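The paragraphs below lead through one protein chain, beginning with a single residue and moving on to helices, their packing and some points in the loops. Please keep the sequence and the structure in view while reading.

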Amino acid sequence: MAPTDVPRVFLDKENSIPMIGLGTWRSPPGQVRQAVQDAIDIGYRHIDCAHIYRNEHEVGDAITAKIKEGVIKREDLFVTSKLWNTFHRPDLVEGAVRTSLTNLKLDYLDLYLIHWPVAYKEGDELAPLSPDGKTCIFSDVDYVDTWKAMEKLVDARLVKNIGLSNFNSKQIRRVLDAARIKPVTNQIENHPYLHQSKLTKFCAENKILVTAYSPLGSPARPWVKEGDIVLLEDKKLKAIARKHGKEPAQVLIRYQLERGHVVVPKSVTKARIASNFDVFRFRLDKADMEQLASLERNERINPEFRARGHPHHPFENNDE
């Protein structure tokens with residue numbers, strides 16, 4: 001499929017985001033550069049990055065290589081990065097985005113997100129652990145103050161759009177009430193085992209786009225245990241995939257698209273990257289959508305264990 005055929009969602013009159021992107025979370029050093037180059041060759045024009053992934057320099061190398069080859073121009077790409085928890089203090093926000101820009105070898109980002117609403121102790125350690133070794137040392141910075149510093153990045157033309165990630169509806173409301181520039185998206189975990197229906201409805205009502213991460217159920221997550229459920233092996237999902245002559249992963253990606261969500265599946269394997277992109281030549285019918293909706297388990301894959309006890313933890317004492 002040609003890159004120009006990929007559906008896009010307009011964020012404003014000038015900016016639009018491709019509805020499928022390449023995720024780079026846990027893409028290993030030494031592999032992510034080739035993965036991004038392969039993705040661009042296949043037709044991806046949306047790359048999802050983050051400082052905490054610790055691989056933005058390789059993503060930048062890949063983008064630079066493809067620009068030099070003449071495969072793309074910078075303006076053809078939509079590149080996202082995220083502000084990590086140790087940089088929430090307003091005076092650290094601009095320095096953090098400049099670090100990502102340096103690593104990515106870019107002059108601007110298309111989208112910059114607050115990665116989590118929780119702030120960690122400022123310093124060189126990205127995960128400053130408390131004495132128990134299980135949770136991080138917290139900072140008392142309020143994400144509303146962080147948001148005001150994010151708005152200044154738009155003013156400085158370092159980023160075109162700003163948004164949120166892993167925020168619950170109450171936290172989004174606090175940002176909206178204080179915002180001069182509205183968040184364009186909330187990037188959240190979303191798949192048939194975790195729909196977060198109240199939150200997605202809230203986002204839709206407030207014209208905030210949902211971007212779905214871990215749409216395949218993140219089968220390679222490092223904390224998976226023997227006996228844990230694996231979404232890609234679900235019998236109902238496999239039956240729908242057989243019906244359409246597609247892979248289960250393709251059905252899961254298509255499911256997000258049918259729900260109006262941007263989706264950022266991750267892979268470093270060229271064949272899988274290509275397969276994940278081949279989702280625009282079939283549709284799920286009403287029965288398929290109902291079957292997938294029925295798989296809800298409220299099963300969260302990425303609960304951010306290190307933030308437990310933080311007053312701004314988005315998943316504790318929360319009804320979305």
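Is Asp-48 buried or exposed? The model is a predicted one, and in it Asp-48 has a relative accessible area of 3%. The cut-off for a buried residue is under 20%, so Asp-48 is buried. The residue belongs to strand E4, which covers residues 46-48. Its side chain has a polar partner: the side chain of Gln-187 makes a polar contact with that of Asp-48 at 3.1 Å. Gln-187 is also one of the residues that Asp-48 touches when those up to four places away in sequence are set aside; the others are Leu-22, Gly-23, Thr-24, Tyr-53, Thr-80, Lys-82 and Val-264.

From this residue we can step back to the whole chain. Ten helices and ten strands are found in the chain. For 320 residues, a compact globule would be expected to have a radius of gyration near 20 Å, and the 19 Å of the chain agrees with that. The C-alpha trace spans about 55 × 50 × 40 Å along its principal axes. Of the 320 residues, 57% count as buried. Among contacts in the chain with a separation of 6 or more, 74% are between residues 24 or more positions apart.

Strand E4 appears again in the surroundings of helix H1, which comprises residues 32-42. The buried residues of H1 are Val-32, Ala-35, Val-36, Gln-37, Asp-38, Ala-39 and Ile-40. They pack against E4, strand E3 (22-23), helix H2 and helix H9 (270-277). Just after H1 comes Gly-43, with a positive phi of about 135°.

Helix H2 also meets helix H3. Two packed helices are described by the distance between their axes and the angle between them. The axes of H2 (residues 56-69) and H3 (residues 90-104) come within 6 Å and cross at roughly 45°. That angle makes H2 oblique to H3. On the H2 side the contact is made by Glu-56, His-57, Val-59 and Gly-60, and on the H3 side by Ser-100, Asn-103 and Leu-104. By class, the residues of this contact are two nonpolar, four polar and one charged.

Gly-60 deserves a separate look. What is the relative accessibility of Gly-60 in helix H2? The value is 0%, so Gly-60 counts as buried. Leaving aside neighbours within four places in sequence, Gly-60 is in contact with Asn-103, Leu-104 and Lys-105. Lys-105 lies 45 residues from Gly-60 along the chain, and the C-alpha atoms of the two are separated by 5.3 Å.

A further helix to follow is H8, residues 248-258, which is mostly covered, with ten of its eleven residues buried. The buried residues are Pro-248, Ala-249, Gln-250, Val-251, Leu-252, Ile-253, Arg-254, Tyr-255, Gln-256 and Leu-257. What covers them includes strands E9 (209-213) and E10 (262-263), together with helices H7 (235-244), H9 and H10 (286-293). H9 is thus named among the elements around H8 and among those that the buried residues of H1 pack against. Just after H8, Gly-260 takes a positive phi of about 85°.

How do the axes of H8 and H10 lie, and at what angle do they cross? They come within 11 Å and cross at roughly 105°. This makes H8 roughly perpendicular to H10. In H8, Val-251, Tyr-255 and Glu-258 meet Met-289, Leu-292 and Ala-293 of H10. The residues of this contact divide into five nonpolar, no polar and one charged.

Two loop residues remain. Gln-196 has a positive phi of about 50° although it is not a glycine. Gln-196 sits in the loop between strand E8 (185-189) and helix H6 (197-205), and with 5% relative accessibility Gln-196 counts as buried. Lys-207, likewise not a glycine, has a positive phi of about 55°. The place of Lys-207 is the loop between H6 and E9. Lys-207 is exposed, with a relative accessible area of 70%, whereas Gln-196 is buried.

Notes: Residues numbered from 1 in each chain as written. Predicted model: local features only at pLDDT ≥ 70, side-chain atom pairs only at ≥ 80, totals over all residues. Heavy atoms only, no water. Helix = DSSP H or I, 4+ residues; strand = E, 2+ residues; numbered from the N terminus. Buried < 20%, exposed > 50% of the residue type's maximum accessible area, 1.4 Å probe, protein only. Polar contact = N/O pair within 3.5 Å; in protein donor to acceptor, adjacent residues only side chain to side chain. Contact = heavy atoms within 4.5 Å. Axes fitted to C-alpha atoms, helices over the stretch in contact; angles between N-to-C directions. Parallel < 35°, antiparallel > 145°, perpendicular 65-115°, else oblique. Nonpolar A, V, L, I, M, F, W, Y, C, P; charged D, E, K, R; others polar. Rg over C-alpha atoms; globule rule 2.2 N^0.38 Å.
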